[in-house]
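Visitor: I should like to learn how such a structure is described, and on what grounds each term is applied. May I put some questions to you?

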There are 2 protein chains.
Amino acid sequence: MGMEERAFQDYYPDEWSYCYGCGRLNADGLHIQSRWDGDESVCIFTPRPAHIAIPGYVYGGLIASLIDCHSTGTASAAAYRAQGRPMDSQPALRFLTAALHVDYLRPTPLGVPLEVRGRVKEIKGRKVVIQSTLSVEGQVCARGEVVAVQVPDSLGEAP
Amino acid sequence: MGMEERAFQDYYPDEWSYCYGCGRLNADGLHIQSRWDGDESVCIFTPRPAHIAIPGYVYGGLIASLIDCHSTGTASAAAYRAQGRPMDSQPALRFLTAALHVDYLRPTPLGVPLEVRGRVKEIKGRKVVIQSTLSVEGQVCARGEVVAVQVPDSLGEAP
C-alpha cells in the first residue's frame, strides 16, 4: 500500500485543530502530519533552526512532541480502521495522551528531515498503545511509546 | 531553605545555552529556569497562548519539554551538590536525557503558571534519575521521570 495524500490531522474537527503540535489552525504550531503507509503510520518533519539541544542536534522536547502527536493521530486513525469507518465519518474518534515514554538512543542531527514511524501495539476499548521510532536517514535515534485514550463522546464530536 | 536567585541554567556555559527548552541564548526558546527549594527543585512556567492542546488546556508536548529540561537541570545541580562543588566550578557537569516518561493525570489548564517540582530518585556514577510533578494551584496534573546521563567531559567542558 502506498502513502495516502490526506493527513490524519486533516480530518480533525475545527475545535481539535488548535493543538500546538498538530493543529492546522494553530498559526504558531508545528503542523505535524501523519499518514498511513501500509500498516505503519509515518510523519516527516524538519525541525526549525531554533529546535536545538546542543549545537548540531535536535531538542529532545521536540522529539517528544513529534512522538506524542504522531501517536495520538495514529491511535485515532487505527480506531477508525478497527471500526471499518472512514475518518470523516461520525461520531468523531479523538484521543488524548495518557502516558508518553521516549528513549533517546543517540543524538538526533539537526537540519535534516526526521521520520517518525508508528505501529499499533494494542487496541482495546478506549485505549490504544502506539510504538514508534524516530529516524534520520534510516538510523533510529529515538523510540517512543504512547498510551492514548479516547475522549468522551461529548468532547470528541464535531460541533 | 529558601529559593535561590540564580537559576541552574544561568550556570551553563555558552555552548550549552542554545537549548530550545532552557537556553538563555535561544531567542525563540522557552527559557525554562530551575532552582533549588530545599531538597526539591522548582520551575515556574506560564505557557504561551499558542501552547494549546484543545481549547483551554496545555499542550502535552510542552509539558514533556518542561519536565525534560527541568530534570536535566536538576540532574546537573544534584551532581554538583553530590560533589560539594558550586555550579560555576570546573569541570562543568552537563546532562542529556536518556529516557523521558510522562503520565498525564488530568488536563492542565492554560493561562495560569505551572509549577514543576523535581527530586532526585537516584544518583549513581554518570546517571541521575529525577522524578517530578507538574501542578496547577496545588493540583498535580502530570508526573514525570527522567533518566539523565552525564555527557563526556570533552562535550561538557566550557570552551
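Visitor: What do strand 5 of chain A and strand 6 of chain A form, and how many residues are between them?

Guide: They form a hairpin with 2 residues between the strands. Please note that this is a predicted model, in which local features need pLDDT of at least 70, side-chain atom pairs count only at pLDDT 80 or more, and totals for chains, interfaces and linings use all residues. Residues are numbered from 1 along each chain as its sequence is written, chains are lettered from A and ligands numbered from 1 in the order in which they are written, and side-chain values use heavy atoms, with hydrogens and water left out.

Visitor: What makes strand 5 of chain A and strand 6 of chain A a pair?

Guide: Strands, and helices too, are DSSP runs numbered from the N terminus (E over at least two residues for a strand, H or I over at least four for a helix). Two strands pair if DSSP finds at least two bridges between them. Strand 5 and strand 6 of chain A have 10 bridges and run in the antiparallel sense, so the definition is met. One example is K127(A), which stands opposite V149(A).

Visitor: What is notable about the backbone of E137(A)?

Guide: E137(A) is not a glycine, and yet its phi is positive, about 50°. This residue lies in the loop between strand 5 (127–136) and strand 6 (139–150) of chain A.

Visitor: Which peptide bonds to P91(A) and P91(B) are found, cis or trans?

Guide: The bond from Q90(A) to P91(A) is cis, with omega near 0°, and the bond from Q90(B) to P91(B) is also cis, with omega near 0°. P91(A) is in the loop between helix 1 and strand 3 of chain A.

Visitor: How many residues of chain A and of chain B are in contact?

Guide: Contact means heavy atoms within 4.5 Å. By that rule, 29 residues of chain A touch 29 residues of chain B. The area buried between the two chains is about 2500 Å², and carbon and sulfur atoms give 62% of it. Buried area is the accessible area (1.4 Å probe) that two parts lose on being put together, summed over both. In chain A, Y20(A), I54(A) and Y59(A) lose the most area to chain B, together 24% of what that side buries.

Visitor: How many salt bridges and how many pairs in polar contact does the rule find across this interface?

Guide: A salt bridge requires a side-chain nitrogen of Lys or Arg within 4 Å of a carboxyl oxygen of Asp or Glu. Between chain A and chain B there are 0 salt bridges. There are, however, 12 residue pairs in polar contact, both residues being at pLDDT 80 or more. A polar contact is a pair of N or O atoms within 3.5 Å; within protein, one must be able to donate a hydrogen and the other to accept it, and residues adjacent in sequence count only if both atoms are side-chain atoms.

Visitor: Why is the link between D37(B) and R117(B) called a salt bridge?

Guide: The closest N and O atoms of D37(B) and R117(B) are 2.9 Å apart, and the link is therefore a salt bridge under the stated limit. The two residues are 80 residues apart, D37(B) in strand 1 and R117(B) in strand 4 of chain B.

Visitor: How do you know that strand 3 of chain A pairs with strand 3 of chain B?

Guide: DSSP gives 5 bridges between them, in the antiparallel sense, so the rule for pairing is satisfied. H101(A) stands opposite H101(B), and V102(A) stands opposite L100(B). Within chain A, strand 3 is also joined to strand 6 by 9 bridges, antiparallel, and there the bridge partner of V102(A) is G144(A).

Visitor: Why are the two copies said to be related as by a two-fold rotation axis?

Guide: Copies are superposed by least squares on the C-alpha atoms of residues with pLDDT of at least 70 in both. Chain A is laid on chain B with an RMSD of 0.0 Å by a turn of 180° and a shift of 0.0 Å along the axis. The copies are thus related as by a two-fold rotation axis. In chain A, the C-alpha nearest that axis belongs to H101(A), 2.2 Å from it.
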